[in-house]
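This report looks at how a protein meets a strand of RNA, and then turns to a pocket in the protein. Please keep the sequence and the structure in view while reading.

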Amino acid sequence: MPAADPVARLAAELSDAVGAAVELERPSDPAHGDYATNAALRLAPQRRQAPRELAEEIAAAAAAVPAVERAEIAGPGFVNLWLTDAWLADALGAIIEQGRDFGAGEPARRERIQVEMVSANPTGPITVASARNGAYGDSVARLLEYAGHQVEREYYYNDSGAQMGKFRASVEARRQGEEPPDDGYRGAYVDELAASDEDPVPRMLEQIERTLDRFRVHFDSWALQSRLEGRLGEFLPRLDTYEKDGAVWARSSKYGDDADRVLIRSPAQGGGPTYRAADVVYLADKLERGFDRAIYVLGADHHGTRNWYTAVARMLDYDPERIEVLLYQLVHLTSGGQQRKMSKRRGDVVFLEEFMDEVGVDAARWYLVNRGPDQTIEIDVDLAAERSQKNPVYYVQYAHARIAGILRNASRQSGDAQLPGQPLEAEERELIKRLLEFPVVAAEATERRGPQAVPVYAIRVADDFHRFYHEHRVLGSDAEAFRLALVRATQNVIARSLDLVGVEAPERM
RNA sequence: GCGCCUGUAGCUCAGCGGAAGAGCGACGGCCUUCUAAGCCGUUGGUCGGAGGUUCGAAUCCUCCCAGGCGCACCA
């Protein structure tokens, strides 16, 4: 929103002055000004004009805008802009005014969105692999909320399939003092469950919810496969199906899936509904509950089901655009130089509880969302624990805590973005410009479903802050009021950035 | 064989149409001053390879090479 984003407002002002769309970007080289625009290069073809010549005109028009101190042409037709201190001070004032909401979105259409995530079957504790699902999905959910949408988080689990049977059988075997079946589950947690006579499934679910709460992933609702598959009859007539080999098949290949899929097993295979049958009901159920958009967060090992979901949507005559499948690559853990296999059934696995114990909740969230979803994550568990002091998450948190320290010691309660009676220092200008990037960072991270951009940005903010802090005093300086405002705005942006990825912003460290 | 993902500095990775980056590692500096979990400097790259599109490609397209994950009447 231009009104809330000073850079967008400036771009609009420049567009008016120039008579064409001007987009601003921050050049990587400080010698190229505070902002730069490639408008001349974009416009040259359609105006049939030499880019440099057009750049001359744009630079002249831009120079007439009060915020612009100087405009220069560079390279093939870039226009580099230097802005006045007054504009930067105004911009800081706008950030302060918006407080913790700086960078929040106001969507043209507010959507009601469901993010279904984790959804691990309750056959064991949450693993680090599932934790990535939660860290990623929850951060996307937080971003969507910050962008102004209404978001609900749901956990879906299979309480009726073959894996559940194997799980219960494994626990029962331990109760009898026997080894679990070959294709069953084993590990210390199975023995623990066997020590009690209760049904292990509800106990496992409670444990999963507790673990995820600690991980700061909180669910609004839980969906059970057993309740959904019973309603298959309602939807079967709406599907394109046929019978073959005694089974009922969905003609999904006709709707974009790679193959047809069995919905109801042949009598020879037991005759019950497959998990895909429950998928059909669940998808329809989501959309009929009124969600404009249903987001599935799935590990890369499930990527084959992406086309299946859109095929189901088409068969049921829903707009497939309402279904969104987000995939993330897997997590590999190494320990003592050895790769650890992530197999729940073998019990040879790193659980999230264990991981949080070792590296802390903040570092755990950070590690699992700090990389793009398409990137396989390699984590050396020993190193992650051992090096926790060097983790970038502490670097960012430290900036927040340092600011809290300044504000604790300050005699006045609030800063004032009025220009001090001296030119802005280079570190002040850099920090303000960095803060001004936040609305775009948040918006793009949301749009691309790429929350990793937020922690990456937070490091840059901390970077600019620590440099400023090292060079200039806040309290007792001639620019104290201005710097208090700057520092408070920085604290807000850091706190918000951390919150968007589920990391806490400490007052002291 | 087919599909999805990946290949950027020694290592782990950002960047995904505009002027090659960070952290860690290595080496060398900076604490009577609001938290040194900090700051500064040095070291480091045919952005997997070959074509193509473009004024401009790490970024888009095609092919090739290498790796990961899938391709059930399991979830």
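A residue is taken to be near a strand if one of its heavy atoms lies within 4 Å of it. The model is predicted, and in it 57 residues lie around RNA strand B, with Arg-265, Tyr-275, His-303, Tyr-398 and Arg-402 coming nearest. Of the atoms of RNA strand B that come within 4 Å of the protein, 63% belong to sugar and phosphate.

By class, the surface near RNA strand B is made up of 23 polar, 18 nonpolar and 16 charged residues. Strand E3 (78-83), strand E8 (247-250), helix H16 (392-409) and helix H19 (453-471) each supply at least two residues of this surface, and H16 gives the largest share, eight residues.

Polar atoms of the protein approach both bases and backbone of the RNA, as these pairs show:

| Residue and atom | Part of RNA strand B | Distance |
|---|---|---|
| His-303, side-chain N or O atom | base nitrogen | 2.5 Å |
| Asn-409, polar side-chain atom | sugar or linking oxygen | 2.9 Å |
| His-472, polar backbone atom | base nitrogen | 2.5 Å |

The second largest pocket holds about 1100 Å³ of space. Its lining consists of 48 residues, among which Pro-439, Val-440, Val-441, Ala-443 and Glu-444 lie nearest the centre of the pocket. The largest share of that lining, nine residues, comes from H18, while the elements that each supply at least two residues include helix H1 (6-18), helix H5 (128-146) and helix H17 (426-436). Divided by class, the lining has 24 nonpolar, 16 charged and eight polar residues.

How values were computed: Residues are numbered from 1 along each chain as its sequence is written. Chains are lettered from A and ligands numbered from 1 in the order in which they are written. This is a predicted model: local features need pLDDT of at least 70, side-chain atom pairs count only at pLDDT 80 or more; totals for chains, interfaces and linings use all residues. Side-chain values use heavy atoms; hydrogens and water are left out. A polar contact is a pair of N or O atoms within 3.5 Å; within protein, one must be able to donate a hydrogen and the other to accept it, and residues adjacent in sequence count only if both atoms are side-chain atoms. Helices (H or I, at least four residues) and strands (E, at least two) are DSSP runs, numbered from the N terminus. Ala, Val, Leu, Ile, Met, Phe, Trp, Tyr, Cys and Pro count as nonpolar, Asp, Glu, Lys and Arg as charged, and the others, Gly among them, as polar. On a 1 Å grid over the protein atoms alone, a cavity is a set of points where a 1.4 Å probe fits but cannot get out, and a pocket is an open set with protein on both sides within 12 Å along at least five of seven lines; lining residues have an atom within 4 Å of a point. Grid points are joined across faces, edges and corners, and a volume is the space filled by probe spheres set on the points.
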